[in-house]
Amino acid sequence: MKRRNVGRGNSGQALVITALVISLLVISTFYYVYDVMKARPESSQLSLDDYVLMVKLGSTHTLISSLVNMTNGGSSQILTANLEAWSSKLKEECPYGYCLLDAQPRNVSPYISGFYILWGGNGLGISSCYATFNLTIYGRNLQASFEYSINITTSMTIHGFYNIGEGNSKHVEVICKIFNEGTPALAQGFELYYQNSSSWIQVQNYGLTNYGNGTYRITFNAYTSTTPVRVAVKVHDTRQIYVQANATCSET
Amino acid sequence: MKIQKCRRGQIRILEAFFAALLIFSALFLIPAPSTMDNEHSDNLHTIGINALLQLDSDGSLSRLIENGDWNALRNLLWQVLPNGIWFNLTILDSEGNQLNDIIISNGGQVSDAVVSVKYVCAASDSTYSIYILHLQLARAD
């Protein structure tokens, strides 16, 4: 009878130890799998954020390039062509499996084919480009969609004054302000013109003061019988986007 | 007899309790090398792509590529990347032809764990171009 009791007791202990070993294996396996699964999504999410930043920056440069081309005499179809090239290259070089960038130039007034050009006579000049984007990414355990729009705008305001000198001579002062996306910006390559009868005369010698905050003061002498004096300013911003504006100066 | 049975049961419960404690304490001894490796490479990947984003933000990256100014590009990368990181940059045009005719690197490789970052760069000047950049990074051991 005693032998039977000892045998039963040992069998129970072996079962308990076996159960403990199995549970140890199951738990450690579960922990390992959980740890690996936890690390992967963080990794892909981090790279996805970087990738989206890269795509947005490239889209911005695509719009700038198109606006530079168009305002310097290029075709208005350049934006569509460049956006197609950008989308196509992103599709080829997609690191996730499938990346689709649907880019649409804005066609709502005042934009036509993504461009809005206003080089008006009231002292305001606008060169603008606008497009909306939808980026869709499919990959292993990954599906994401991002919508964003980009507006690139270089604008300029001018207003001028003049004093009548001897004969037809007029001393003209023009204040010119440049903006990129609404914030003051620097410019280069100023060209100035004043009106004499029906023709525009380019100013060869002028004084230029750069206040460093997107504001420029330009002074020159105009020889014209036309009053009031009308001036035109043509300029490129630091991105090479061209803009121009005309204004009627006030006599002081 | 009843008292002996009860004591046996209590001992079993105590045994199981201590065994469970042993199991759960063993969990803390399990290393997770794969997680450490992922974090290490993710960090290098983030450093690399942030460096390229920084250079590309004002359009200087594409400007240097168009001018073929590889030495200036290498010096800029050297400045924006932290110390102790080896890099090697290869630039391809949209057709896949290599553009840089010299090696854009800061010396010999220092670690076997090399991370590769691919960057697609669009130029912002009037002649629109797209470049593919392959930046390899490794950390000093």
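1. In this predicted model, A:Pro110 has its place in the loop between strand S1 (97–105) and strand S2 of chain A. The peptide bond that leads into this proline, from A:Ser109 to A:Pro110, is cis, with omega near 10 degrees. The loop between S1 and S2 of chain A also holds A:Ser113, a residue with a positive phi of about 55 degrees although it is not a glycine. As for its surroundings, A:Ser113 is partly exposed, with 17 other C-beta atoms within 10 Å. Such places merit a look in the model, because most residues other than glycine have a negative phi, and most peptide bonds are trans.

2. A second cis peptide bond joins A:Thr227 to A:Pro228, here with omega near -10 degrees, and A:Pro228 is found in the loop between strand S10 (215–223) and strand S11 (230–237) of chain A. Further along the chain, the loop between S11 and strand S12 (242–248) of chain A contains A:Gln240, which has a positive phi of about 75 degrees although it is not a glycine. Is A:Gln240 buried or exposed? A:Gln240 counts as buried, because it has 20 C-beta neighbours inside 10 Å and the cut-off for a buried residue is 20 or more.

3. Strand S2 (residues 115–119) of chain A runs antiparallel to strand S3 (residues 124–139) of chain A, and 5 bridges join the two. Within this pairing, A:Ile117 stands opposite A:Ser127 in S3(A). The hairpin of S2(A) and S3(A) has 4 residues between the strands, and in it A:Gly123 takes a positive phi near 90 degrees.

4. Taken as a whole, chain A has 2 helices and 13 strands. Its radius of gyration is 34 Å, well over the 18 Å that the globule rule gives for 252 residues, so chain A is more spread out than a compact globule. The C-alpha trace of chain A spans about 140 × 35 × 25 Å along its principal axes. Buried residues make up 29% of the 252 residues in chain A, and, of the contacts in this chain with a separation of 6 or more, 62% are between residues 24 or more positions apart.

5. How is chain A divided into domains? Domain 1 covers residues 35–153 and domain 2 covers residues 155–251 of chain A, and the centres of these two domains, taken over C-alpha atoms, are separated by 35 Å. Where the domains meet, 16 residues of domain 1 of chain A are in contact with 15 residues of domain 2 of chain A. On the side of domain 1 that touches domain 2, the elements that give two or more residues are H1, S3 and strand S4 (142–164) of chain A. By class, that side of domain 1 of chain A has 7 nonpolar, 9 polar and no charged residues.

6. The largest nonpolar core has 76 residues, and of these A:Val231, A:Val233 and B:Tyr119 touch the most other members. Helix H1 (residues 2–71) of chain A gives the most to this core, with 9 residues. Leaving aside neighbours within four places in sequence, A:Val233 is in contact with A:Met156, A:Ile158, A:Val174, A:Cys176, A:Phe190, A:Leu192, A:Gln244 and A:Ala245. As general background, in soluble globular proteins nonpolar side chains tend to be buried together.

7. In chain B, 4 strands form an open sheet in the order S2-S1-S4-S3, with antiparallel pairing. The edge strands, each of which pairs on one side only, are strand S2 (104–105) and strand S3 (115–122) of chain B. Strand S3(B) and strand S4 (residues 130–139) of chain B run antiparallel and are joined by 8 bridges, and B:Val117 stands opposite B:Leu135 in S4(B).

8. How many residues of chain B are in contact with chain A? The model places 32 residues of chain B in contact with 36 residues of chain A. The elements that give two or more residues to the side of chain B that touches chain A are helix H1 (2–27), helix H2 (33–56), S3 and S4 of chain B, and H2(B) gives the most, with 9 residues. The residues on that side of chain B divide into 17 nonpolar, 10 polar and 5 charged.

Terms used. Residues are numbered from 1 along each chain as its sequence is written. Chains are lettered from A and ligands numbered from 1 in the order in which they are written. This is a predicted model: local features need pLDDT of at least 70, side-chain atom pairs count only at pLDDT 80 or more; totals for chains, interfaces and linings use all residues. Two strands pair if DSSP finds at least two bridges between them. Two residues are in contact if their C-beta atoms, placed from the backbone, lie within 7 Å. Ala, Val, Leu, Ile, Met, Phe, Trp, Tyr, Cys and Pro count as nonpolar, Asp, Glu, Lys and Arg as charged, and the others, Gly among them, as polar. A nonpolar core is a set of buried Ala, Val, Leu, Ile, Met, Phe, Trp, Tyr and Cys residues joined through C-beta atoms within 7 Å. A residue is buried if 20 or more other C-beta atoms lie within 10 Å of its own, exposed if 12 or fewer, and partly exposed in between; C-beta atoms are placed from the backbone. The radius of gyration is taken over C-alpha atoms; the globule rule is 2.2 Å times the number of residues to the power 0.38. Domain bounds come from an automatic or database domain assignment.
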